[in-house]
Amino acid sequence: MRLILVYCSLLNIKESLYSYMKLSTDQLLSQFKALADPVRARLVALCGIAECSVSELVRVTGQSQPRVSQHLKQLCDVSLLERFKDGHFVYYRVSGSGTEAATRRRLLALLPDDEPQFEKDIAKLRALRADDDVALEPTSDADRSLFRALVELTVARPLGDLLDIGCGQGRILKLLASRAQRAVGVDTNSSARRLARAELLLAGTANTTLRHGDMVALPFDDGEFDTIILDDVLQYAEDSTAAIEEAKRLLTRGGRILVLAATDDSNIDELRSQFALWAAEGGLRLAAPRAIPNNNPGWLLAVATPADHASAAA
């Protein structure tokens, strides 16, 4: 009897595996079929280098809005693109996460990088966003020192999946995206997000996405990020403890939070005390805040981990 039960179990496993393989094969064939259309291939190539709105894709491809929308729906149906709303706009992008990410990357790698039509489309997209382009390079000694300090942190320990809360126009995202597996920026300012998208396109950061988000109620799953930057936001939060609790919710076990705040010589000691208060009230284990640069500081930076993450290392 026991052998019969084992045999039946093996049959069930085999049947389940066969069903899964068939489902995966059917999905792959559907994706190949979707990419066989030249317009859909162009849309995927565009959304692979930057998240794009429907209006941008219409203007770049020269297709009608209904036709572009129909193509986008088909691409989403076979999981080649994902759709999300940001403010009043809907954006499309090639997702770099999820269970099918590796298969999707291998499939899209078959699209030729030197295809003339793709290059023309990307040039048009850049031209469309040219009016939004802004110089996001560090413009002061303090900013340059901050950027060096952040890069040093990535050398000592990988960023993994990065979330920048209060990303503004995306200066830090532009700096760190290439060092992260995935980079997400959130900000309540729609104009800042638009400017960030223009700059990130020029920087070629295809692994970056920007979203509208309230720092105390962010649209992400628990434990989704390895590194979270509280990017000069706690000073202005109505409830700093709630903002920290939300960051802790999103942080994977063993992850770290970078607390960043603008400062100057006149309030540096007061801000250090404020960092300690935030940590105490928010349940963070805080390393000593670092003035950047040491002389005439413009920033205060500290690395923190949740106090209840016993295995976390700053």
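In which sense, parallel or antiparallel, do strand 4 and strand 7 (residues 225-231) pair, and over how many bridges? Strand 4 pairs with strand 7 in the parallel sense, over 4 bridges. This is a predicted model. A search of the whole structure finds 18 salt bridges, and a search for aromatic pairs finds 4. The points below cover strand 4, helix 3, an aromatic cluster, the salt bridges and one serine.

**Strand 4 and its neighbours**

- Strand 4 runs over residues 161-165, and 5 of its 5 residues are buried.
- Both faces of the strand are covered. Asp161, Leu163 and Ile165 are buried on one side, and Leu162 and Asp164 are buried on the other.
- Strand 4 also pairs with strand 5 (residues 182-186), in the parallel sense and over 5 bridges.
- Between these strands the chain passes through helix 8 (residues 171-176), and the resulting β-α-β crossover is right-handed.
- Two positions show the pairing on each side: Ile165 has Val186 as its bridge partner in strand 5, and Leu163 stands opposite Ile228 in strand 7.

**Helix 3**

- Helix 3 (residues 54-61) is mostly covered, with 6 of its 8 residues buried.
- The buried residues are Val54, Glu56, Leu57, Val58, Val60 and Thr61.
- The elements that cover these buried residues include helix 2 (38-49), strand 1 (52-53), helix 4 (65-77), strand 3 (89-93) and helix 6 (116-128).
- Just after helix 3 comes Gly62, which takes a positive phi of about 75°.

**An aromatic cluster with charges over its rings**

- Phe84, Phe89 and Tyr91 form one aromatic cluster.
- Why does the pair of Phe84 and Tyr91 count as stacked? The ring centres are 5.9 Å apart and the planes of Phe84 and Tyr91 meet at 20°, and planes under 30 degrees apart count as stacked.
- Phe84 has 7% relative accessibility and so counts as buried. Tyr91 is buried as well, at 9%.
- Arg211 places its charged end over the ring of Phe84, 3.5 Å from the ring centre.
- Arg197 lies over the face of Tyr91, at 3.8 Å from the centre of that ring.

**Salt bridges**

- Glu82 and Arg93 form a salt bridge in which the closest N and O atoms are 2.9 Å apart. Glu82 is in strand 2 (residues 82-86) and Arg93 is in strand 3, so the pair links parts of the chain that are 11 residues apart.
- Is Glu82 buried or partly exposed? Its relative accessible area is 26%, which makes Glu82 partly exposed, whereas Arg93 is buried at 6% relative accessibility.
- Arg193 and Asp86 meet through their side chains in a salt bridge of 2.9 Å, N to O. Arg193 lies in helix 9 (residues 190-203) and Asp86 in strand 2, so this pair ties together parts that are 107 residues apart in sequence.
- Arg193 counts as buried at 2% relative accessibility, and Asp86 counts as buried at 3%.
- Lys174 forms a salt bridge with Glu199, and the closest N and O atoms are 2.5 Å apart. Lys174 belongs to helix 8 and Glu199 to helix 9, so the bridge ties together parts that are 25 residues apart in sequence.
- Glu199 is buried, with a relative accessible area of 7%.
- Which residues are joined into one network by salt bridges that share partners? The network holds Glu51, Glu82, Asp86, Arg93, Arg193, Arg197 and Arg211.
- Two residues of this network also appear in the aromatic section: Arg197 lies over the face of Tyr91, and the charged end of Arg211 sits over the ring of Phe84.

**Ser240**

- Ser240 is placed in helix 10 (residues 240-250).
- Its relative accessibility is 14%, so Ser240 counts as buried.
- Leaving aside residues up to four places away in sequence, Ser240 touches Leu234 and Trp278.

How values were computed:
Residues are numbered from 1 along each chain as its sequence is written. This is a predicted model: local features need pLDDT of at least 70, side-chain atom pairs count only at pLDDT 80 or more; totals for chains, interfaces and linings use all residues. Side-chain values use heavy atoms; hydrogens and water are left out. Rings of Phe, Tyr and Trp (its six-membered ring) pair if their centres lie within 6.5 Å; planes under 30 degrees apart count as stacked, over 60 as edge-to-face and the rest as tilted. Buried means under 20% relative accessible area, exposed over 50%, partly exposed in between (1.4 Å probe, protein chains only). A charge sits over a ring if NZ of Lys or CZ of Arg is within 6 Å of the ring centre and within 35 degrees of the ring normal. Contact means heavy atoms within 4.5 Å. Two strands pair if DSSP finds at least two bridges between them. A crossover is right-handed if, with the strands pointing away from the viewer, the path from the first strand over the helix to the second runs clockwise. A salt bridge is a side-chain nitrogen of Lys or Arg within 4 Å of a carboxyl oxygen of Asp or Glu.
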